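User: Could you take me through one part of this protein closely, the nonpolar core, and then show me how the rest of the chain is arranged around that picture? I'm in my first year, so please go step by step.

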Amino acid sequence: MQCGHCSADYHPDTKVQHVGIDPGGVWVIESEKCPRCGRINMRLVSGPENPSRQGYMSYVQKTRPFHPKEGASRKPAPPEVAKGLAEDYNEACAVLADSPKSSAALGRRCLQIILREHAKVKPQDLSNEIDEVLASKQLPTYIANDIDAIRHIGNFAAHPIKSTNSGEIVEVEDGEADWTLDTLVQLFDHYFVGPAEAEKKRDALNAKLADAKKPPLKKP
Ligand SMILES: [Zn+2]
């Protein structure tokens, strides 16, 4: 099990607290204390009562982490990322637990902005934009594969609106919102953080060259 606070993997020694039964079903709170950061992870578990089955599996239908909320352990967008994009990404993380649909829609919108403004693809529908960026071979293979997988995991074929109106709130597939956010983190690194770090290094080197009365490096 992974700690929602510090991402440590820990062996769960889960405390199960039965809250009660109501017309909505059985309500239980599961919790563990993370051995690394010492913080408590809590989930609300619920489901209809099923007297024909015994014990735990008789009610587990839905598990909702509430402390921390799902996605709360995600770091905000790095400071190098353009402001509007960073805001949308941070919001996509904040709403992940309560509305994966909204999170995925915001994530797709971020992806489209990056492809258009930074990968310089021709504005068209998102699926074709992904094709264009893959064909351009400007991305490392692992990022290209992850972008390609967004279409498969999100089942764009069954939801063409994800391509035509990327920011529209539509049905979400299991793991889609998470996957989109993970891919955005890699794209932030590639288009914002990496180049900013490279520029910092060049500036530092150029300052040394200037001290030595040598000409600066050529612009890349
Ligand atoms: Zn922890």
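Analyst: Happy to! Let's begin with the term itself: a nonpolar core is a set of buried Ala, Val, Leu, Ile, Met, Phe, Trp, Tyr and Cys residues joined through C-beta atoms within 7 Å. A residue is called buried when 20 or more other C-beta atoms lie within 10 Å of its own. Please keep in mind that this is a predicted model.

Now to the core. The largest nonpolar core has 29 residues, and those touching the most other members are Tyr89, Ala92, Cys110, Leu111, Ile114, Leu184 and Phe188. Several helices contribute: H1, H2 (100-117), H3 (126-136), H4 and H6 each supply at least two residues of this core. Let's zoom in on Leu111. Leaving aside residues up to four places away in sequence, Leu111 touches Ile150, Thr180 and Leu184. Leu184 thus appears twice in our story, as a contact of Leu111 and as one of the core residues that touch the most other members.

With the core in mind, let's step back to the whole chain. There are 6 helices and 4 strands, and from the N terminus the four strands come before the six helices. The protein is divided into domain 1, residues 15-67, and domain 2, residues 83-194. Taken over C-alpha atoms, the centres of domain 1 and domain 2 are 33 Å apart.

Next, the strands. They form an open sheet of 4 strands in the order E1-E2-E3-E4, with antiparallel pairing. E1 (15-22) and E4 stand at the edges with a single partner strand each, so one side of each has no neighbour in the sheet. From one strand to the next, the twist averages 20 degrees. One pair to look at is E3 (residues 40-47) with E4, which are joined in the antiparallel sense over 5 bridges. Across from Pro65 in E4 you will find Arg43.

A few backbone details are worth finding on your screen. Most residues other than glycine have a negative phi, and most peptide bonds are trans. Against that background, the peptide bond from His67 to Pro68 is cis, with omega near -5 degrees. Pro68 sits in the loop between strand E4 (62-67) and helix H1 (83-94). Asn155 has a positive phi, near 50 degrees, and belongs to the loop between helix H4 (141-153) and helix H5 (161-164). Asn155 is partly exposed, because 13 other C-beta atoms lie within 10 Å. Lys213 also has a positive phi, near 60 degrees, and is found in the segment after helix H6 (176-211). Lys213 counts as exposed, because the number of C-beta neighbours inside 10 Å is 6.

Finally, the overall form. The C-alpha atoms fill a box of roughly 80 × 45 × 25 Å along the principal axes. The radius of gyration is 22 Å, whereas a compact globule of 220 residues would have one near 17 Å. Of the 220 residues, 23% count as buried. Among contacts between residues at least 6 apart in sequence, 49% join residues at least 24 apart. The contacts of Leu111 with Ile150, Thr180 and Leu184 make a good place to start when you turn the model around yourself.

Notes:
Residues numbered from 1 in each chain as written. Predicted model: local features only at pLDDT ≥ 70, side-chain atom pairs only at ≥ 80, totals over all residues. Domains from an automatic or database assignment. Buried ≥ 20, exposed ≤ 12 C-beta atoms within 10 Å, placed from the backbone. Rg over C-alpha atoms; globule rule 2.2 N^0.38 Å. Contact = placed C-beta atoms within 7 Å. Pairing = 2+ DSSP bridges. Axes fitted to C-alpha atoms, helices over the stretch in contact; angles between N-to-C directions.
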